[in-house]
Amino acid sequence: MTDPTTDILASFSSAVADLVAKAAPAIVSVHSHHARASGFVWKPGLIVTADEALAEEGEISIKLADGTARAATIAGRDHTTDIALLRFDATEIVPAKLSPVLPAPGSLAVVVAAARGTPSAALGVVSLAGGGWRSLRGGDIDARVELDVRLHHSQQGGLALDASGEAVGMAVLGPRRVLVIPTATIDRVAGRLETHGRIARGYLGVGLQAVKLDDGVGAMVMSVDKSGPSAAAGIRQGDVIAGWNGEKLAGVRQLLRSLGPDSVGSVVELLIRRGGEPLRFKLTIGERPET
Amino acid sequence: MSKETSPAIVIAVEIGDAGLADRLASLLDGVAGLRLAAPGEAATVTIVARESHRPAEPHGFDLTPRELDVLALLAEGASNKTIASRLGISVHTAKFHVGSLLDKLDATGRTDAVAHAARRGVIHL
């Protein structure tokens, strides 16, 4: 009679190996300068990878699951959500199927990545699954998912699978933890990168310092970009922004939130204190130039 | 007056870097002829860091001047490449500072780091 424990372990083991084998054809390894990472085919001819693991300059080559190497170019990258989109010339690879399902905490997670074209895997549990959050750089990420797995640098950009083999997002290295960039964020950001090549940020063209006002907080204009939207609106150095679209300013962070990708081109009304006198200005939000 | 009866030199250590201050204090402790000043005691000699003294953060949030620069740029949404070019350092070094900053923020559970950066200095928006 066979030991039932052996059967359970063996079937568990082969189930995990099957998940990896099924996902592997859509996984690529990404080589840029000295950096090695993983990625997956998101749409025909398009690869999603981890922006943090992609070199800032130089050529990019990818290695497919069949072992062949291809050149790739950057379609766009967004460091606020750690998503980079690459183009390559093979359209015959079936893209990974992403699931919008949010994994439950404690459920199994398998990361499928690739090292030099060879599949690699990591196994662990979903250690946290929560609501949307904002990265330190201001990127909107639709769910907070953390994995209790050991992820090698080269596995950044790999797919995180749940126990039924559904891809729930991209595995990346956060500070001291492994994060999943969820499907909803990938589709939104990569979709925008595909069509626009970048994630725009709103731009006021001022240097601001938080100041206390008698009745709340304000943002004092310390410097003005001469060719920026604020200068065009007539805002001067020394002005204090006290209100935004009819509401009192809650803080500089609120201004940051108001300058997302969709803000570019919109008109806002600013309440300004100049020498203590209230003034109103209409300002058309510009697009932040890359410096 | 003999050496034995000379009063000990009282040394105060006023260094913002808690680790460095601790190491200095333990090295000076036990050296004949000098002793560390008690809290509030007037010292004969004060050791200060070569860089200007920066009082410890009131919220137990101790960042180096470089990390504060990086934090302000992160708040503006800067990439590692932008941080590197704005601070005149390599991308590799920029990544290092970002990493240690994220580590510190994470360890102290600070989620309002951007607000913190905004209070400390000028943010370009």
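**A barrel, a helix and an interface between two chains**

In chain A of this predicted model, six strands close into a barrel, with antiparallel pairing in the order β1-β2-β3-β6-β5-β4. From one strand to the next, the twist averages 40°. Helix α2 (residues 183-196) of chain A packs on the sheet, where it touches β2 (35-43), β3 (46-50), β5 (69-78) and β6 (83-88) of chain A. The direction of α2(A) makes about 50° with that of β6(A).

The pairing of β1(A) with β4(A) can be followed residue by residue. Strand β4 of chain A spans residues 60-63 and pairs with β1(A) in the antiparallel sense over four bridges. Within this pairing, A:Ser32 stands opposite A:Ile60 in β4(A).

Strand β1(A) also leads to another helix of chain A, since β1 (27-32) is among the elements that cover the buried residues of α1(A). Helix α1 occupies residues 4-23 of chain A, 20 residues in total, and reaches 29 Å from its first C-alpha to its last. That span is close to the 28 Å expected at 1.5 Å a residue. Which residues of α1(A) are buried? They are A:Leu19, A:Val20 and A:Ala23. Seen down the axis of α1(A), the buried residues fall within an arc of 95°, and they therefore line one face of the helix. The cover over these buried residues also includes β7 (108-115), β8 (118-130), β12 (158-161) and β13 (167-174) of chain A. On the face of α1(A) turned away from the buried side lie exposed residues, among them A:Thr6, A:Asp7, A:Ser14 and A:Lys22.

Chain B contains five helices and four strands, which run β-α-β-β-α-α-α-α-β from the N terminus on. Of its 125 residues, 23% are buried. Among the contacts in chain B with a separation of 6 or more, 64% join residues 24 or more positions apart.

The two chains meet through 22 residues of chain B, which are in contact with 23 residues of chain A. On the chain B side, the elements that give two or more residues are α2 (65-75), α3 (80-87), α4 (91-107), α5 (113-120) and β4 (123-124). By class, this side of chain B has 11 nonpolar, six polar and five charged residues. Strand pairing also links the chains: β16 (residues 206-213) of chain A and β4(B) pair in the antiparallel sense over two bridges. There, A:Leu208 stands opposite B:Ile123 in β4(B).

Note on methods. Residues are numbered from 1 along each chain as its sequence is written. Chains are lettered from A and ligands numbered from 1 in the order in which they are written. This is a predicted model: local features need pLDDT of at least 70, side-chain atom pairs count only at pLDDT 80 or more; totals for chains, interfaces and linings use all residues. Two residues are in contact if their C-beta atoms, placed from the backbone, lie within 7 Å. Ala, Val, Leu, Ile, Met, Phe, Trp, Tyr, Cys and Pro count as nonpolar, Asp, Glu, Lys and Arg as charged, and the others, Gly among them, as polar. Two strands pair if DSSP finds at least two bridges between them. The expected span of a helix is 1.5 Å times one less than its number of residues. A residue is buried if 20 or more other C-beta atoms lie within 10 Å of its own, exposed if 12 or fewer, and partly exposed in between; C-beta atoms are placed from the backbone. The arc is that of the directions from the helix axis to the C-beta atoms. Axes are lines fitted to C-alpha atoms, for helices over the stretch in contact, and angles run from 0 to 180 degrees between N-to-C directions.
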